[in-house]
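Here's a quick briefing for anyone meeting this structure for the first time. Have a look at it below, then read on.

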Amino acid sequence: MKGLKVGIIGAGRSGMAAARFLRRLGARVLLSERGRIHGPLPKGIDVETGKHSSRLLDSDLIIRSPGIPGHLPILKKITRRGIPVWSELELASRYARFKELIAITGTNGKTTATTLVGEFFKTTKNPTFVVGNIGTPLSDVALRTTAKSNVVVEVSSYQLENIRTFHPTVSCILNITPDHLEHHGTMKAYASAKARIFENQTPEDVCVLNADDASCRRLATHCRAKLFWFSRRQKLKSGIYLDGNDVVIRWNKINSRWPLRSNLPGPHNVENILASVAMAVAGGVTFKGIRRVLSTFKGVEHRLEWVRTLRGARYINDSKATNVDSTRVALASFPGPLIIIMGGEGKGSPYAPLRSLIKSRVKRILLIGEDAPQIEKELRGAAPMERLGTLTKAVLRASQVAERDDVVLLSPACASFDQYRNYEERGREFKALVRKLA
Ligand code: ADP
């Protein structure tokens, strides 16, 4: 990289990390951002803001940030000139050294699985790095990795669009459901973007796929790696599946069966667990380590996170549920009776898909935020509803009506921006309010 001219398009988290990294490698960096740049700039790099100018055409290499649309005129010109375009993942992975490189993608559950897989590998004696979309970009740690490292990386389909050599030892596609179609166009294009996670894998490598997901099954025919299927719904000849409450593993001479002990609620988390165990097994983690982690792992903050049990009622923070589908998954995770806090900045998608789950499991809906009237209108009759306005009032109200064995669930089905900076702030406030209840 020394002396090479590298243009970076987009100064988000991964673009900034790429800039720092390339600078350290001795490249001549131009960081180009259409908006403004937030946070401190790395020293010694060239910056342009408010535009992506033709100066970028002078680069030897372009790093494209996730979310920079392919139809951007400057990107078209760059491609026409034959300048290579990489993602930050492609760049960083060329410098990472590892024993195992585990890469996880999918529409839902990435962060949960990545965190859990990280915990599994931390039970081995080798150092483990948990990176990617989940927080720290791979660029920030790549130069600290060694041939003994386990690198666990959460990968988005955006990052996969611009890989060339990225080659995990263990890859995983958790599921593929319609999402981000505004970026990828068709479901087929979206699935193909995800399939690139295994395009450089060989029969020495392992690919973990969801046997219950039609798109995953279709993609498998293009995969050269050894397949490790997981299923929550069916017994598999080869792979990992749930039989009653037992985890059964039949794979590559391994034959193992043990009861699943985990604190993660919901069938979706069973899938995340099965996939994560498969990755750990493929990477050589012992069953002892795996089972110990499973029995203590509490999940990831703001995703069906247990906060407190007060007078027999459990309080659960699911602030990450910023859309209707996530709230549906949350409702399916508890048989009830539920008191659910919903509302916030609506995204314009219908709430009606929640109706039947609400009817059978929810005893009261407490509404907050901007979209409360819309929710009230669309779910009228499904369960008793009250408009409380703020989270403070809703938590207090919940504590007044909650009885033993109820679950009080914050799962808004809405974004938080009408009242909060982000869903994290909303979740933290919920937890603070719940902990203060007398
Ligand atoms: P991601 O990082 O892919 O956004 P998370 O682990 O952060 O995934 O989970 C986000 C939300 O996605 C959860 O709150 C839950 O509603 C839903 N979810 C998680 N895992 C799954 C799964 N395996 N299948 C379907 N939905 C899931």
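Gly118 has a relative accessibility of 0%, so this residue counts as buried. Gly118 is part of helix α4, and bear in mind that everything here comes from a predicted model. From that glycine we can work outwards to the helix partners of α4, then move on to α14 and a few loop residues.

**Around Gly118**

- Setting aside residues up to four places away in sequence, Gly118 touches Thr128, Val130 and Val152.
- Val131 sits 13 residues from Gly118 along the chain, and their C-alpha atoms are separated by 9.3 Å.

**How α4 meets α9**

- Helix α4 covers residues 110-122 and helix α9 covers residues 267-282; their axes come within 9 Å and cross at roughly 40°.
- That angle is over the 35 degrees that would still pass as roughly parallel, so α4 and α9 are oblique to each other.
- The crossing of these two helices, α4 and α9, is right-handed.
- On the α4 side, the contact uses Thr112, Ala113, Leu116, Val117, Phe120 and Phe121.
- On the α9 side, you'll find Asn269, Asn272, Ile273, Ser276, Val277, Met279 and Ala280.
- Sort the residues of this α4 and α9 contact by type and you get 9 nonpolar, 4 polar and no charged.

**How α4 meets α10**

- Helix α10 (residues 287-296) is another partner: the axes of α4 and α10 come within 9 Å and cross at roughly 130°.
- An angle has to be over 145 degrees to count as roughly antiparallel, so α4 and α10 are oblique to each other.
- Here too the handedness is easy to state: α4 passes α10 in a right-handed crossing.
- Leu116, Glu119 and Phe120 of α4 make the contact with Ile290, Val293 and Leu294 of α10.
- By type, the residues where α4 and α10 touch come out as 5 nonpolar, no polar and 1 charged.
- Leu116 and Phe120 are worth finding on screen, since they appear in the α4 contact with α9 and again in the one with α10.
- In an α-helix there are 3.6 residues a turn, so residues three or four places apart point the same way.

**How α14 meets α15**

- Helix α14 (residues 391-401) packs against helix α15 (residues 423-436) at an angle of about 40°, with the axes 10 Å apart.
- α14 and α15 are therefore oblique to each other.
- Their crossing, that of α14 and α15, is right-handed.
- Leu391, Thr392 and Val395 in α14 meet Arg426, Glu429, Phe430, Leu433 and Val434 in α15.
- Split by type, the residues in this α14 and α15 contact are 5 nonpolar, 1 polar and 2 charged.

**What surrounds α14**

- Which residues of α14 are buried? They are Leu391, Ala394, Val395, Ala398, Ser399 and Val401.
- The cover over those buried α14 residues includes the strands β16 (313-317), β17 (338-342), β18 (362-368), β19 (385-389) and β20 (407-410), along with helix α15.

**Ser416, tucked into a loop**

- Ser416 lies in the loop between β20 and α15.
- Is Ser416 buried or exposed? Its relative accessibility is 2%, so Ser416 counts as buried.
- Leaving out residues up to four places away in sequence, Ser416 touches Arg421, Asn422, Tyr423 and Arg426.
- Gly346 is 70 residues from Ser416 in sequence, yet their C-alpha atoms are 8.8 Å apart in space.

**Two residues with positive phi**

- Most residues other than glycine have a negative phi.
- Asn252, in the loop between β13 (246-251) and β14 (254-259), has a positive phi near 50°.
- With a relative accessible area of 45%, Asn252 is partly exposed.
- Asp405 isn't a glycine either, and its phi is positive at about 75°.
- You'll find Asp405 in the loop between α14 and β20, and at 58% relative accessibility Asp405 counts as exposed.

**The overall layout**

- The protein is divided into domain 1 (5-86), domain 2 (90-296) and domain 3 (305-436).
- How many Å separate the C-alpha centres of domain 1 and domain 3? Those two centres lie 41 Å apart.

Key:
Residues are numbered from 1 along each chain as its sequence is written. This is a predicted model: local features need pLDDT of at least 70, side-chain atom pairs count only at pLDDT 80 or more; totals for chains, interfaces and linings use all residues. Side-chain values use heavy atoms; hydrogens and water are left out. Axes are lines fitted to C-alpha atoms, for helices over the stretch in contact, and angles run from 0 to 180 degrees between N-to-C directions. Helices (H or I, at least four residues) and strands (E, at least two) are DSSP runs, numbered from the N terminus. Angles under 35 degrees count as roughly parallel, over 145 as roughly antiparallel, 65 to 115 as roughly perpendicular and the rest as oblique. A crossing is left-handed if the near helix is turned anticlockwise from the far one by less than a right angle, and right-handed if clockwise. Contact means heavy atoms within 4.5 Å. Ala, Val, Leu, Ile, Met, Phe, Trp, Tyr, Cys and Pro count as nonpolar, Asp, Glu, Lys and Arg as charged, and the others, Gly among them, as polar. Domain bounds come from an automatic or database domain assignment. Buried means under 20% relative accessible area, exposed over 50%, partly exposed in between (1.4 Å probe, protein chains only).
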